[in-house]
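The exercises below are meant for a reader who is meeting this structure for the first time. Each one sets a task and then works through it step by step.

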Amino acid sequence: MKIVSFVAATSNSGKTAIIEKVVRILKERGLRVAVIKHASKGFELDRPGKDSWRFREAGADTVVLVGPDRLALMRTIVKVPSMKDLEMLAGNADIMIREGFKEDSLNKIEVFRSGVSGQQPLSAADGSFLALVSDRAFDVAVPRFDWNDAEGVADFIATKL
């Protein structure tokens, strides 16, 4: 499985928007794609009053929802699972895309958006990045893709990894 991580200096930089486009392109090419998102501020999968919410409110440590075409797992955790554990949960995929996980990233692609991400991309000073996706040009040592070039980003992922 090929693994790539999309990271940014701040939230609201557009990681999800870029990933969404790249996933569509990779799926059109017949690849199996898994996405693992780091929700640093937490999240709730279900709405109050629904069965799964009620089970969690009752104290269940794990709730699995199974439907005819999808499965969701909610589990109370004491610490963030290791990347290996997350990869196992993601299942059999050709490419795994991680969103976030700045501290534990593999094959990092930075997403930079003017007015949101700061003055300079992280990749300008950090040689561990593979590429930069941004809405303006920067002098960086890695390939730079325009914000609207999801096809180029998908090509890079498919061939580079």
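**Exercise 1.** Is Ser5 buried or exposed? Describe its surroundings as well.

*Solution.* The model is a predicted one, and every step here is a reading of that model. Begin with the position in the fold: Ser5 belongs to strand E1, which runs over residues 2-7. Next, take the relative accessible area of Ser5, which is 0%; buried means under 20%, so Ser5 counts as buried. Then look at the side chain of Ser5, which reaches the backbone oxygen of Leu106 at a distance of 3.0 Å. Finally, list the contacts of Ser5 once neighbours within four places in sequence are set aside: they are Arg98, Ser105, Leu106, Asn107, Lys108 and Ile109.

**Exercise 2.** Work out how the residues of helix H3 are arranged around its axis, and what its buried residues pack against.

*Solution.* First collect the buried residues of H3 (residues 83-90), which are Met83, Leu86 and Glu87. They lie on the same side of H3, because they cover an arc of only 100° around the axis. A general rule helps here: an α-helix has 3.6 residues a turn, so residues three or four places apart point the same way. Now turn to the face of H3 that points away from the buried side, where the exposed residues Lys84, Met88 and Leu89 are found. To finish, ask what the buried residues of H3 pack against, and the model gives E1, strand E2 (33-37) and strand E5 (95-99). Just after H3 comes Gly91, with a positive phi of about 85°.

**Exercise 3.** Examine Asn12 and Asn107, and state for each the backbone angle phi, the place in the fold and the degree of exposure.

*Solution.* Start with Asn12, a residue other than glycine whose phi is nevertheless positive, near 65°. Asn12 sits in the loop between E1 and helix H1 (15-28), and with a relative accessible area of 61% it is exposed. Continue with Asn107, which is not a glycine either but has a positive phi of about 55°. Asn107 is placed in the loop between E5 and strand E6 (108-112), and its relative accessible area of 24% makes it partly exposed. Asn107 has also been met before, as one of the contacts of Ser5.

**Exercise 4.** Find which residues, beyond its neighbours in sequence, Lys21 is in contact with.

*Solution.* Locate Lys21 first: it is found in helix H1, where it is partly exposed, with a relative accessible area of 34%. Leaving aside neighbours within four places in sequence, the contacts of Lys21 are Trp147, Asn148 and Ala150. As a further step, consider Val153, which is 132 residues from Lys21 along the chain, while the C-alpha atoms of the two are 9.5 Å apart.

**Exercise 5.** Describe the second largest pocket and then the protein as a whole.

*Solution.* The second largest pocket has a volume of about 420 Å³. It is lined by 21 residues, of which Ser11, Lys15, Lys37, His38 and Ser40 are the closest to its centre. By type, the lining consists of five nonpolar, ten polar and six charged residues. Moving to the whole protein, count its secondary structure, which comes to four helices and eight strands, in the order β-α-β-α-β-β-α-β-β-β-β-α along the sequence. Of its 161 residues, 35% are buried.

Notes: Residues are numbered from 1 along each chain as its sequence is written. This is a predicted model: local features need pLDDT of at least 70, side-chain atom pairs count only at pLDDT 80 or more; totals for chains, interfaces and linings use all residues. Side-chain values use heavy atoms; hydrogens and water are left out. On a 1 Å grid over the protein atoms alone, a cavity is a set of points where a 1.4 Å probe fits but cannot get out, and a pocket is an open set with protein on both sides within 12 Å along at least five of seven lines; lining residues have an atom within 4 Å of a point. Grid points are joined across faces, edges and corners, and a volume is the space filled by probe spheres set on the points. Ala, Val, Leu, Ile, Met, Phe, Trp, Tyr, Cys and Pro count as nonpolar, Asp, Glu, Lys and Arg as charged, and the others, Gly among them, as polar. Helices (H or I, at least four residues) and strands (E, at least two) are DSSP runs, numbered from the N terminus. Buried means under 20% relative accessible area, exposed over 50%, partly exposed in between (1.4 Å probe, protein chains only). A polar contact is a pair of N or O atoms within 3.5 Å; within protein, one must be able to donate a hydrogen and the other to accept it, and residues adjacent in sequence count only if both atoms are side-chain atoms. Contact means heavy atoms within 4.5 Å. The arc is that of the directions from the helix axis to the C-beta atoms.
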